[in-house]
Amino acid sequence: MNKIHKSNTWAVPKKTEAPAKKSPQPFNLVRGTRDILPIDQSYWRKLYEEAEGLCDAYGLERIETPVLEETGLFVRGVGKQTEIVEKEMFSFETAGGDNVTMRPEATASICRAYIYHGMWNQPQPVKLWYWSPMFRHERPQSGRYREFWQFGAEILGEEDAVIDAQLALISWRFLKDLGIDASVRINSIGTPECRANYKNALVAYFRPKRNRLSEDDKKKLLKNPMRLLDSKDPAVIEMKAEAPQIVDWLDESSKNHFMRVLEYLDEVGVPYQLDPFLVRGLDYYTKTVFELYDNAEEDVNKNALGGGGRYDGLMEILGGRPTPAAGFGMGIDRIVSRLKSMNIAAPQRKIDVFVAQLGEGGRKKALAMFEELRLAGIKSGEAFAKGSIKTQMEFANRAGARWTIIIGQKEVLDGTAIVRDMDAGTQEIVDARKIVQVLQKKMAQVQPETLPPTELL
Ligand code: AMP
């Protein structure tokens, strides 16, 4: 008997007495996940359109990589000793025995795609952007979810400092255009060689103070001392003030690179603050690292809205050719909640026309007319499952329709339709065959008044 057959036999339910009927329990959300409901979609659309517009303007092309990647990609790419790989990955073995992880960030995946598709054969740099969900098993709290969305960009195959500045500019501009006054905190962490010396200096500084460190931070001191600089422990924050700064360990080339990034940012007017202890928690960064913070948010422990940096060594670590690259990732969930708390509105999708009907004949005609209007590009609304005209008019009002078309039995027989102007409260009877022309004419008459004066010139 093979295994499947055996399990099938075993799965046949035994005939027992029917259990007492119990109503099934509704399901909860998986911890740290949430629904993004229709009421919030106008914000998500606004952010997506802003991201797409900016990336188009800067010549970036959209890429989407799979949620599932081989676990090794992140262990090697992001780094074994990082918070993400040590504690936060959703990893599992598939039924086929593969070890996979739900991507916690996109940079390693995009480098994997660059290597996999031989993108070094394309003109360099390759400029990509993404808008995708990420998964990290963090302790859920405000602004921190286990599934969250990032909009990000990666520019691969160029080491010039102008790329770092452009990426900081795009991420800052994204927030600025949405109405968030942000500034860029920036630092350079140099090459792995500069960092090796700096790590020794950090260990020498913190070791005599180690009895003031938590167990977790003691481990960091041993394994990855730069992670101590990210610690939220007030004692470490206090000790950090006097700690050695990476800038004093930078080689000439990293220093010059950093100076040029800052000069470009000055030139384009991106506000920045030098942050000597900004290291970012991922191993792959080299030279420039930056994070974006909202200036108007008062909370001292405020969350970053985005971050990025250069990662010139990552492609080689992942088995590709040496390829300098840089990128950023913006936290969409956090930006949406920031806009909402600032009462910044997002435009709702509006309709021009509502198609109402009365009786079965009217409903059939209205169904076809809705399709005709849609094909002509006229934004229309309907409530075909409703019979009452009063209910349908309420729908039309709620949807903000400027006109309502009404088709009842009489209109079906006459081949006409009633067009009601919802603002003026007037109505007229028109030839049903000419409905598209009639509405286009009305819309053309109304729209110029709503345009800002400059667009009328
Ligand atoms: P990181 O590269 O880890 O700094 O992530 C970039 C941005 O993604 C952060 O600045 C946040 O805005 C956002 N982000 C990171 N982790 C989370 C999370 N668990 N929940 C919501 N947003 C997050």
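**Close-up views of a predicted model**

**View 1. The ligand has polar company from Ala304.** Here, an oxygen atom of the ligand sits 3.0 Å from a polar backbone atom of Ala304. Everything in these views comes from a predicted model, so read each one as a look at a prediction. Leu305 takes part as well: one of its polar backbone atoms is 3.2 Å from an oxygen atom of the ligand. Gln150 joins in with its side chain, where an N or O atom lies 3.0 Å from a ligand oxygen. How much of the ligand's accessible area does the protein cover? On its own the ligand has 480 Å² of accessible area, and the protein covers 91% of that.

**View 2. Step back a little, and the shell around the ligand comes into view, with 14 residues in it.** The closest of them are Arg136, Glu138, Tyr145, Gln150 and Arg280. Sorted by class, the shell has five charged residues, five polar ones and four nonpolar ones. Which elements give two or more residues to this shell? They are strand S6, running over 147-156, and strand S11, running over 325-331.

**View 3. This one goes into the largest nonpolar core, a set of 49 residues.** Look for Leu156 and Phe206, which touch the most other members. Several elements supply at least two residues each, among them helix H3 (71-77), helix H4 (83-88), strand S5 (126-135) and helix H7 (192-206). Strand S6 is also one of these suppliers, and S6 turns up in the ligand shell too. Which element gives the most to this core? That would be H5, with six residues.

**View 4. Here are some cysteines, in a structure that holds zero disulfides.** Why does Cys111 have no bonded partner? The closest cysteine sulfur belongs to Cys55, and because it is 17 Å from the sulfur of Cys111, the two are too far apart for a bond. Cys111 is buried, with a relative accessible area of 0%. Cys194 counts as buried as well, at 3% relative accessibility.

**View 5. Ile335 and Gly143 make a pair that is 192 residues apart in sequence.** In space, their C-alpha atoms are 9.3 Å apart. Ile335 belongs to helix H12, which spans residues 332-341. Is Ile335 buried or exposed? Ile335 is buried, with a relative accessible area of 0%.

**View 6. The backbone does something less common at Pro125, with a cis peptide bond leading into it from Gln124.** Most peptide bonds are trans, and most residues other than glycine have a negative phi. Omega for the bond from Gln124 to Pro125 is near -5 degrees. Pro125 itself lies in the loop between H5 and S5.

**View 7. Lys287 and Asn343 each have a positive phi, though neither is a glycine.** For Lys287, phi is about 55 degrees. Lys287 lies in strand S9, residues 286-294, and is buried, with a relative accessible area of 10%. For Asn343, phi is near 55 degrees. Where is Asn343 found? Look in the loop between H12 and strand S12 (353-357). Asn343 is exposed, with a relative accessible area of 69%.

Notes: Residues numbered from 1 in each chain as written. Predicted model: local features only at pLDDT ≥ 70, side-chain atom pairs only at ≥ 80, totals over all residues. Heavy atoms only, no water. Near = heavy atom within 4 Å. Polar contact = N/O pair within 3.5 Å; in protein donor to acceptor, adjacent residues only side chain to side chain. Areas by Shrake-Rupley, 256 points an atom, 1.4 Å probe, with all protein chains shown as cover. Helix = DSSP H or I, 4+ residues; strand = E, 2+ residues; numbered from the N terminus. Nonpolar A, V, L, I, M, F, W, Y, C, P; charged D, E, K, R; others polar. Disulfide = S-S within 2.5 Å. Buried < 20%, exposed > 50% of the residue type's maximum accessible area, 1.4 Å probe, protein only. Core = buried A, V, L, I, M, F, W, Y, C linked by side-chain atoms within 4.5 Å.
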